[in-house]
Every structure is written in C-alpha cells, then in structure tokens.
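Let's take a friendly walk through this fold together, with the sheet, the charged pairs and the aromatic rings as our stops. Keep the viewer open as you read.

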Amino acid sequence: GLSSKTLTFNMYVLLYTILAGLAILPLFLYLRNPYFTQELRYTVTCILLGLRINRIKRSKPFYSMLDCFLDKVKKHPNKQFIVFEKSSYTYRDVDKQSNKLARALSQHASVKEGDTVALFMGNEPMYVFIWLALAKLGCTAALLNYNIRSKSLLISRILSHACSVCVPHSPPPELRGAVEEVLPTLREQSVRVFVLGEEEEKCVTEGVNTLSSSRIQQASDQPLDAQLRSKVTLKSPALYIYTSGTTGLPKAAVITQERLYMASSMQAISGVASDDVIYIYLPLYHTAGFMMGLTGAIERGNTVVLRRKFSASNFWDDCRKHKVTVIQYIGEIMRYLCNSPKKDNDRHHKVRLALGNGLRADTWSEFLQRFGDIRVCECYGATEGNVGFINYIGKVGAIGKEHFLHKANFSYVLIQYDTEREEPVKDSRGFCIKVPKGETGLLVAKITAQAPFSGYANNQQQTDRKKLRDVFVKGDLYFNSGDLLRIDHEGFVYFMDRIGDTFRWKGENVATTEVTEHLIMVECIEEANVYGVKIPGHEGRVGMATIKLKDDMEFDSKATLEHVKTSLPSYARPRFIRIQNSLAVTGTFKHMKVKLAEEGFNPAMMQDRLYYLEDSKGYIPMTQEMYHSISDGKIHL
C-alpha cells in the first residue's frame, strides 16, 4: 500500500488544487458572465423580497402599507420621517397628525370605510397626513394632478367616483380657481369640497366646506380601531393614480394594495437601506413620487426630504444641506441638471444612488462625468402595467435586464407591430409573431393571477383597449404596453418608442426618440420634441420638431442641416422645425405632443418661428404661401 507520507502529500496536492480552483472560480465566472456579481446580488435580493411579499399575501388579518408604516412608528418613533422647508416630522409626529385628521374627517366630513376621497394639492406634509388618515378609515385616495383644469379635472373625479375633494389650506389662486370652475357640476353629483386647515369665517365660496385647523387639532391623536378598515384586502383599491395624459385625457389607473406593495419594493431591489435619506420633489400624485418614492421610503423606514417642486438651481444645495443619499428622476430632469451652470462643488455631495426612468444615454454619461460616481438604477414600467424591468447592472442606455426569476414570474414577449396600420402583425393562423433577439417589437405581458391588470376606474372601454386577446393561442389574454422595446443578446432591454409616437413616412418607421437624440447633439439646440404631422394627399406623417435653443444662441440652420443629413436617413429628417422659448411638459416632465401635432406646420396657427427643409436650400423660414403650396400639392415632399 501507499505510505502515510505519500497519502499526506496527495491530500495536500488535492487541497491546494481545490483552493486554487476556488481562487480562479470568480475569474472563470466573470469571463463567462461579466455581470455575475450583480446577477448574484440581485437574485438573492429578489428571493428574499419574494418570500416577504408571499408572507404578506398570506397574512391574516391583511398586512397593508399602513400596517408597515405603523410598524416603523413602533420601531423608531423619534426618527425623522419628513423634512419639509423649515419643518421636520418624526414617524410618531406623522402618525399622531394622521390620527387627528382621520377623526376630524370621520366626525365632521362623514368620511367612512369604502369611500373615495380625491386629493387636489401639491407636495406638502399634509398630503402624507391625509393619505394615512384615509387609509386608517379604510378609504381609497384618488391622487389628482393639480395641473389639470376643468374638463380633465371633472373626468378625473368622475372616473374614480370620489365622494369628496380635499384642497389644502390657503391653496394657490389657480388651484382654488380650478375647483371653483367645476363646483356646479360637483354639486350636481353630490361631491363635497373640503378646504383643510382654513377657519370657517375665511371660507366664503358657496359649496366649499372647511375642515378647520381648530377642529383637526381638537381631535384625539390616539390610534384608531383597526376594525375601521377591516374590509380592506390585498385586491382592494389603495389608490387611483392618473395617467399623465400625454396622448389624451387622463385615465384613472386602479392601484390595488398588492400593486402598491410591489411598486414600493423598488427601493429595496435597488439597494436602498433604512439609513438612507431620499429626496422627493416629483409630484406625489404620480406613481414615481408616491409609490416608488414615499411608500418605498415607508417600506425601507428611511427619511424623506420633501420639496414642493423641482428646482435645478436648488437641487444640489438641498442634497448637501440635508445629506441626501438617494435621488429620484424622471423624464427630462437629468438634462435640466446637466444644463445648469457648472460649479466647483458639483461633486461635493453624499448622493450614491439615482432611481428613476426616462434617462437618455447621452445625458446619463454626461451626468456621471459631471456629478461623480453615482449608481444609476434605471427602471421601466407603466402606472397601470403588469410588467416592469430594472437595470440592476447599471449599463448606460438600458431600461432593464432580463433575469430568470423575472421570466419565471412574468410571461412577457416582444411581438411584431405594424406602425402604419397601428396593429400587431399576424401569421397565417391569425396569431401574433415574436420578434427575434435584437429586433424591435411591441411589449405585451400575459395577464395572470401573478401579473394582474386592474385597468382604469369606471372606464371599461379604455381598459379593454389595453388588452390583447388570442395572442398565441385562442383564449389567452395579454396587456398591451403600447411601448416598442428591443432586447439584445445579453438580455439588456432598450426603450425604442411609444406606439403613438412612432410614425411612418415614405414607407419607413420613424422613431421619435432616435430623432430627438440626434437633434439635441446640434450645438444650438437644448431640447427637442419630435412628432409626425399629416400632409394632405400623402400617406403617413412627415417629421416635425419643436425645439428650445440654448441661452444666448440663435438657430443655426446650416449646422442643423449638416447634422441631420449625416446622422439620419432622408425619411427621418424633420421637414419642419418650430422654435419655442420653452417646451410644454406634463407634471412628470414628459414632452406633450398631441397639441403640437394638431397645430401642425401652419404659420397662421402660431406666433413661433417656423422653418421648412427645402432639399436644395436647407432649413429656410416657412411662409403662409409655402404652407398653401404644400397643402395643395404644388410642393411635393
């Protein structure tokens, strides 16, 4: 047999071989998958989060986001929860204030379990107090966009069937005016309007009630009986949140208690911890500000620095003053920050994470270069949607990355879409066709118990429009996202365009986002909004851009022409360019296209400067005579 020395030597060789193998294993895994570490961390986070959400789903009685907040009150009552202007409120302060408000609403406004109460106010602590108060009474809050007026306001209110509308103490004149404008109709429908915190004698508008500060402060701040909300379940509506209205009038998306939990977990997935300080300036009436921001902070138990609205000039000063570690962004916000004047202390801050959506690749790179090593966590998802993505790797330009756990829980696919007919392409059997990897397609997600689609409040027609039936087999049902995406061979997901924003010209698809990205590379152009306009006697729509010039710069028609000629095919080049002092955006900083497309390229419809791309001369000032020649077909495009 072998001697003991030989056996010992062989054991050492074996041990060293194993250790050497373990040492080079990370290198091997990295070479096979350079994202292995991030993938592993994300997988562990998702498993732990999934287990917690499953426990919540099975809990009896139901464990709501309100219960989560109350647990945080018990855990750290004296921790700062909301910092706002010169005031700050601990978790206990917010709990007691919401108890007072709940009692005042119950006693003086007859608000009871099952009611829907619309909030028509801007960002302030009262917004949080009243939402929690309503949750303690078993009510649903309808979060109204305070920028909407008259018809949109009425539609928003009607869609959610609110029984009351709450307006803040001393509302801005335009806010109060918007409510007073629709008061007669609200009265007809027995909707009561309450001004919070205003004394009775100061309120002289007929049909407007008050819930005075004295009545609120006289109410008890002791906990309310949980029986007041005993009928609330996982599937109960927690909120109504309105779509931004970029493509028409706002629709009230039903946010169930389950959906609220799922969206609130985004901070946890992104790596936000309880000791983080998050800066919320996005409107609380929107998904990003309320669910990913506010309730996400409650789920984590962290501190919220709340601001009335975004200010590029105060942004970093606020972050430094309050030691902010996490920021949110949406739409054009990051571009506004990059366009602000450079300062020596641009990198002097504690921000480590930026969480949001709608960040263009060029701005992403510029933001990191200027403001330092901030981890950007780009997400994708619609307020009413049943599928979303998150770019947990941090690859510049991607809105997400595929993951095996995500695929196991959400059945989504990209399908071929005909932008001219505005419908999915079907095969000979009448079913949809999946696009190959690397190609652009319409995102659809199967509607299941795991991935439900709750639709829009009291609007079956719009709800049905978002559903696709018989997609791959008879009887199946999918959610139509309305977004064109592309998934590359590594599994990174890229946003290409909205269905309504992509248009066809000369038989080719034109993606507005791509044209926009090229236009803003022109030296004189700060912002661009690209859309298609109809031309009499022509199929499809021709490209048009409304632009904002950089300060102290004139429109350089020659440079613009040279850039679009070298970077865009002829069919994608904007034929008309309109110059405005500022571009209209929604409350969530998305460009508004509908009104611009309706106004088209008729100089008589606008005061703005307008240019036309003439093949031989480049961009030249547009005249009324040219407009008539194009409309009459004398000038061929």
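A salt bridge here is a side-chain nitrogen of Lys or Arg within 4 Å of a carboxyl oxygen of Asp or Glu. By that criterion the structure, which is a predicted model, holds 27 salt bridges.

**Salt bridges**

Three of these pairs are worth a visit, and the table gives their N to O distances.

| Basic residue | Acidic residue | N to O distance |
|---|---|---|
| Arg 52 | Glu 299 | 2.1 Å |
| Arg 370 | Asp 346 | 2.8 Å |
| Lys 548 | Glu 526 | 3.3 Å |

Start with the salt bridge between Arg 52 and Glu 299. Arg 52 belongs to helix 2 (residues 36-58) and Glu 299 to helix 12, so this pair ties together parts of the chain that are 247 residues apart in sequence. Arg 52 is partly exposed, at 27% relative accessibility, whereas Glu 299 is buried, with a relative accessible area of 8%.

Next come Arg 370 and Asp 346, whose side chains also meet in a salt bridge. Arg 370 sits in helix 15 (residues 361-371), while Asp 346 is in the loop between helix 14 (333-339) and strand 13 (353-357); the two are 24 residues apart. Arg 370 is buried at 10% relative accessible area, and Asp 346 counts as buried at 9%.

Lys 548 and Glu 526 form a salt bridge as well. This one links strand 27 (residues 542-549), home of Lys 548, with strand 26 (residues 525-533), home of Glu 526, across 22 residues. Both Lys 548 and Glu 526 are buried. Elsewhere, Arg 578, Lys 595, Glu 599 and Asp 608 are joined into one network by salt bridges that share partners.

**An open sheet and its helices**

Which order do the 7 strands of the open sheet follow? The order is 7-6-5-3-4-8-9, and the pairing is mixed. Strand 7 (208-211) and strand 9 (252-256) stand at the edges with a single partner strand each, so one side of each has no neighbour in the sheet. On average, neighbouring strands are turned by 25° against each other, direction ignored.

Within this sheet, strand 3 (residues 116-119) and strand 4 (residues 140-143) run parallel and are joined by 4 bridges. Val 117 stands opposite Ala 141 in strand 4. Helix 5 (residues 125-136) packs on the sheet, touching strand 3, strand 4, strand 5 (164-167), strand 6 (192-196) and strand 8 (237-242), and its direction makes about 175° with that of strand 3. Helix 12 (residues 287-300) lies across strand 4, strand 8 and strand 9, at about 145° to strand 8.

**Aromatic rings**

The whole structure contains 27 aromatic pairs. In one of them, the ring centres of Phe 472 and Tyr 478 are 5.7 Å apart with the planes at 80°, so the pair is edge-to-face. Tyr 478 is buried, with a relative accessible area of 6%. Another pair, Phe 576 and Tyr 612, has its centres 5.7 Å apart and its planes at 35°, so this pair is tilted. Phe 576 lies in strand 28 (residues 576-579) and Tyr 612 in strand 29 (residues 609-614), 36 residues apart. Both Phe 576 and Tyr 612 are buried.

Ring pairs also link Tyr 279, Tyr 281, Phe 310, Phe 315, Trp 316, Tyr 336, Phe 367 and Phe 371 into a cluster.

Some rings meet charges too. The charged end of Lys 434 sits over the ring of Phe 472, 5.4 Å from its centre. The charged end of Lys 401 sits over the ring of Phe 492, 5.4 Å from the centre of that ring.

Terms used. Residues are numbered from 1 along each chain as its sequence is written. This is a predicted model: local features need pLDDT of at least 70, side-chain atom pairs count only at pLDDT 80 or more; totals for chains, interfaces and linings use all residues. Side-chain values use heavy atoms; hydrogens and water are left out. Two strands pair if DSSP finds at least two bridges between them. Axes are lines fitted to C-alpha atoms, for helices over the stretch in contact, and angles run from 0 to 180 degrees between N-to-C directions. Contact means heavy atoms within 4.5 Å. Buried means under 20% relative accessible area, exposed over 50%, partly exposed in between (1.4 Å probe, protein chains only). Rings of Phe, Tyr and Trp (its six-membered ring) pair if their centres lie within 6.5 Å; planes under 30 degrees apart count as stacked, over 60 as edge-to-face and the rest as tilted. A charge sits over a ring if NZ of Lys or CZ of Arg is within 6 Å of the ring centre and within 35 degrees of the ring normal.
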